[in-house]
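Here's a short set of exercises to work through with the model open. Try each task yourself before you read the solution.

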Amino acid sequence: MDKIFTKGTAFIDKNGRQRIFNGVNFVCKSAVPDSDGIVHFKTDITDSLTERLAENGINIVRLGVTWEGIEPQPGEYNTVYLDEVKNTLKILEKHGIYAFIDWHQDLFSCHNLTSGDGAPRWACIKSLKKPHDPYLIWAEGYFAHPGVHKCFDAFWDNTPVSGKGLQDRYCEMLAFTAKYLSGCGSVMGYDVFNEPFPGTDGGKVFRRLVMRGIETGLLSKRVDRKKIISDVLDGRIMDALSVADDSLVYHRVIEAGYDIIRKFDTEKYYPFLVRAAKAIRDAVGEGIIFAENSYYSNLGIPYSLPVPTDENGEPLRDFAFAPHGYDITVDTPLTNEASPYRVDHIFNEHERTQKRLGVPVLVGEWGGMVDGGERYPALEHLVDKFDRNRWSQTYWHYIDNFTDTKIGEIICRAYPVAVAGEINYYGVDRKLNTFTLSYTGSSDIKAPTLVFLPKQPKKVFSTKKYVIKDTPDGKYLQVYAGKGSCVVKVEF
């Protein structure tokens, strides 16, 4: 498979073509040992499933692993788990699907709350005395559980465990993993920490947001300040969703957390990201480093990460932004009612971050919809927005028979996989059932432009020569443009 690099705000292959990645999350959160006493890497990915995904235009997977699965004891690595990861990557490679490795965590670890995952028990310096199930949604441990907060605090402070700092051990684990998987051609890059959370300061942000939400009318005044978690999570957060559609109100609420998140991004997360990137680059020398935003920037709080640099002070090469973003309805019974207006608040902020950093975007997590709905207005809205921005994406997350669902139908649309020049515009018109691509071709690029076709087109218009090819991994329009302007329009 072609190596993928970054150039400006685009992903580029070895031929110089701009690449767009259309994918889905597969994250193995399980850390329960099997009968052999070993934690195994468990995933839905099989040869037949991968073939079906490729036939439907999926060309990348965000593949989630956990620190606990890889390093069950300090300095001891679980190669059985990593061999299973390697086998999965080989299946993806067979069908031309890329992967970027996501070292996943939620609530730092399953040893803090029953809904968590990520760090091994030995890395949980401060755990809850009595872990319990969440009241309503899995994420509530972020908001008010001291054990979760203190575990993150210890990590960001690089607190020693068995004579070595937690971050030091984590970065060594990243390097070991990247080295172990280095022979897998499907690996495009590395997402070094899922949704970094500020720890104790994160609890402060939540309380500020709730109080500001009450002040603005976003949350009901019936919220009991002594029972914030249960009152907010039992459904009262939905009392004034229409208010949250108002951009001024929404930003008035989330600005309550701006200063805390800015400090975390610059003083805690940035130094860690630079160290993590160096550890991986020292181990394997290549691969794109993906930086996520903090957990609270999923809501649209500005991301303040400085432009990462290497040890020579130069901007970090092959670096990309992998933001996450969810409507406030996610993980509730109203998740399919996500509002296009509210998700715009979030992803407009991510657009500003991209302009500031000047790097490509691959949206690592978004969506979270439930199968069975008739309409998904926010999902369609975001797919179109990503296309306008020339962003790649991996939807959260894979569900059974993904390609046969309405969700899969929206995502598995026509899109340009590889463009032999500079993209001007592309997108689908669902009312007219058409796809349009405009780009400026380069005579230096000999490889063709590739457009994924979800089905046999009724008509094709192109200002340049084209052919339609059926391959084992899907139907593609190949355009041979050479130098100059090229417009392609496909009617289905």
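**Exercise 1: Charges and overall build**

Work out how far apart the mean positions of the positive and negative charges lie.

Solution. Start with the counts: the protein has 60 positive and 65 negative charges. Lys and Arg count as positive, Asp and Glu as negative, while His and the chain ends are left out. Each charge is placed at NZ of Lys, CZ of Arg, CG of Asp or CD of Glu. Average each set, and the two mean positions come out 4 Å apart.

A word on ground rules: this is a predicted model, where local features need pLDDT of at least 70, side-chain atom pairs count only at pLDDT 80 or more, and totals for chains, interfaces and linings use all residues. Residues are numbered from 1 along each chain as its sequence is written, and side-chain values use heavy atoms, with hydrogens and water left out.

**Exercise 2: Globule check**

Test the radius of gyration of the protein against that of a compact globule.

Solution. Use C-alpha atoms and the rule of 2.2 Å times the number of residues to the power 0.38. For 492 residues that gives a value near 23 Å, and the protein has 22 Å, so the two agree. Next, look at the box the C-alpha atoms fill along the principal axes: roughly 65 × 50 × 45 Å. Then check burial (under 20% relative accessible area is buried, over 50% exposed, in between partly exposed, with a 1.4 Å probe and protein chains only). Buried residues make up 59% of the 492.

**Exercise 3: A cysteine pair**

Explain why Cys151 and Cys124 aren't bonded through their sulfurs.

Solution. Recall the chemistry: a disulfide is a covalent bond between the sulfur atoms of two cysteines. The cut-off is a pair of cysteine sulfur atoms within 2.5 Å. Now take the distance: the Cys151 sulfur sits 4.6 Å from that of Cys124, its closest cysteine sulfur, and that's too far for a bond. The whole structure, in fact, has zero disulfides. Both cysteines are buried, though: Cys124 has a relative accessible area of 9%, and Cys151 is at 0%.

**Exercise 4: The helix around Cys151**

Find which helices the buried residues of H5 pack against.

Solution. Helices are DSSP runs of H or I, at least four residues, numbered from the N terminus. H5 spans residues 146–156, and eight of its 11 residues are buried, including Cys151, Phe152 and Trp156. These buried residues of H5 pack against H2 (67–70), H4 (140–144), H6 (166–180), H7 (200–216) and H11, with contact meaning heavy atoms within 4.5 Å. Finish just past the helix: Asn158 follows H5 with a positive phi, near 55°.

Key: Helices (H or I, at least four residues) and strands (E, at least two) are DSSP runs, numbered from the N terminus.
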